[in-house]
Amino acid sequence: MAISDRLQKRFRNVPGVTSADIADWIAEAQTESDLKEGENSNDDNAILYLAFSIGCRVIATDAARYFKYTDGEESVDKSDIYEKYLRLSIDAYRQYRYYRDGGGSRTIAPKRVDGR
């Protein structure tokens, strides 16, 4: 499945996100990461998660102007939307780094003190 289709599924219920937005986020992710779609599945996943992170940051930036309003018994609170999308962006960026580094588990052993 193409990255654009996968990303479209993730943003399908977010109002205002268009196919053009998704194409822009994918292009920016490919430019930023220097990865190309279709070379291998880890690269495709890395591009997907970086584009998702970029998209969430864009939405968070737009949502930063939202507000909290209370009038008698009625209240509207959209102030936490920014924080939620920013958290999604951070999580997606972690996934991007995981796939950018090849995926899988890694064990890192420190050097021995005696030099062996």
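These are my notes on a pocket, a lone buried charge and a few salt bridges in this structure.

**Entry 1: the model.** I reminded myself before starting that this is a predicted model.

**Entry 2: the pocket.** I went for the largest pocket and got a volume of about 230 Å³. Which residues sit closest to its centre? I found Val-14, Pro-15, Ile-59, Asp-62 and Tyr-66, out of 13 that line the pocket. Next I checked which helices contribute to the lining. α2 (19-33), α3 (41-63) and α4 (81-100) each give at least two residues. The largest share comes from α3, with 4 residues. I also sorted the lining by class and counted 10 nonpolar, 1 polar and 2 charged residues.

**Entry 3: a buried Asp.** I stayed with helix α3 and looked up Asp-44, which lies in it. Does Asp-44 count as buried or exposed? Asp-44 is buried, and I found no salt bridge for it. The nearest side chain of opposite charge belongs to Arg-6, and that one is 5.7 Å away. My cut-off for a salt bridge is a nitrogen within 4 Å of a carboxyl oxygen, so a pair has to meet that to get on my list. What does the Asp-44 side chain reach, then? It gets to the backbone nitrogen of Gly-38, at 2.7 Å.

**Entry 4: the salt bridges.** Side chains of opposite charge can pair when their charged atoms come close. How many salt bridges did I get with my rule? The count is 3.

- I started with Asp-80 and Lys-84, whose side chains meet at 3.2 Å, N to O. Asp-80 is partly exposed at 32% relative accessible area, and Lys-84 is partly exposed too, at 47%.
- Then I took Arg-87 and Glu-83, with their closest N and O atoms 3.0 Å apart. Both residues lie in helix α4, 4 residues apart, or about one turn of the helix. I read a relative accessible area of 45% for Arg-87, which makes it partly exposed. Glu-83 is partly exposed as well, at 47%.
- Last came Asp-91 and Arg-94, meeting at 3.1 Å, N to O. These two are 3 residues apart in helix α4, so about one helical turn separates them. Asp-91 counts as partly exposed at 38%, and Arg-94 is partly exposed at 48%.

**Entry 5: looking back.** I ended up with a buried Asp-44 that has no salt bridge, and with a salt-bridge list that includes Arg-87 with Glu-83 and Asp-91 with Arg-94. Helix α4 holds both residues of the Arg-87 and Glu-83 pair, and it also supplies at least two residues of the pocket lining.

Terms used:
Residues are numbered from 1 along each chain as its sequence is written. This is a predicted model: local features need pLDDT of at least 70, side-chain atom pairs count only at pLDDT 80 or more; totals for chains, interfaces and linings use all residues. Side-chain values use heavy atoms; hydrogens and water are left out. On a 1 Å grid over the protein atoms alone, a cavity is a set of points where a 1.4 Å probe fits but cannot get out, and a pocket is an open set with protein on both sides within 12 Å along at least five of seven lines; lining residues have an atom within 4 Å of a point. Grid points are joined across faces, edges and corners, and a volume is the space filled by probe spheres set on the points. Ala, Val, Leu, Ile, Met, Phe, Trp, Tyr, Cys and Pro count as nonpolar, Asp, Glu, Lys and Arg as charged, and the others, Gly among them, as polar. Buried means under 20% relative accessible area, exposed over 50%, partly exposed in between (1.4 Å probe, protein chains only). Lys and Arg count as positive and Asp and Glu as negative; His and the chain ends are not counted. A polar contact is a pair of N or O atoms within 3.5 Å; within protein, one must be able to donate a hydrogen and the other to accept it, and residues adjacent in sequence count only if both atoms are side-chain atoms.
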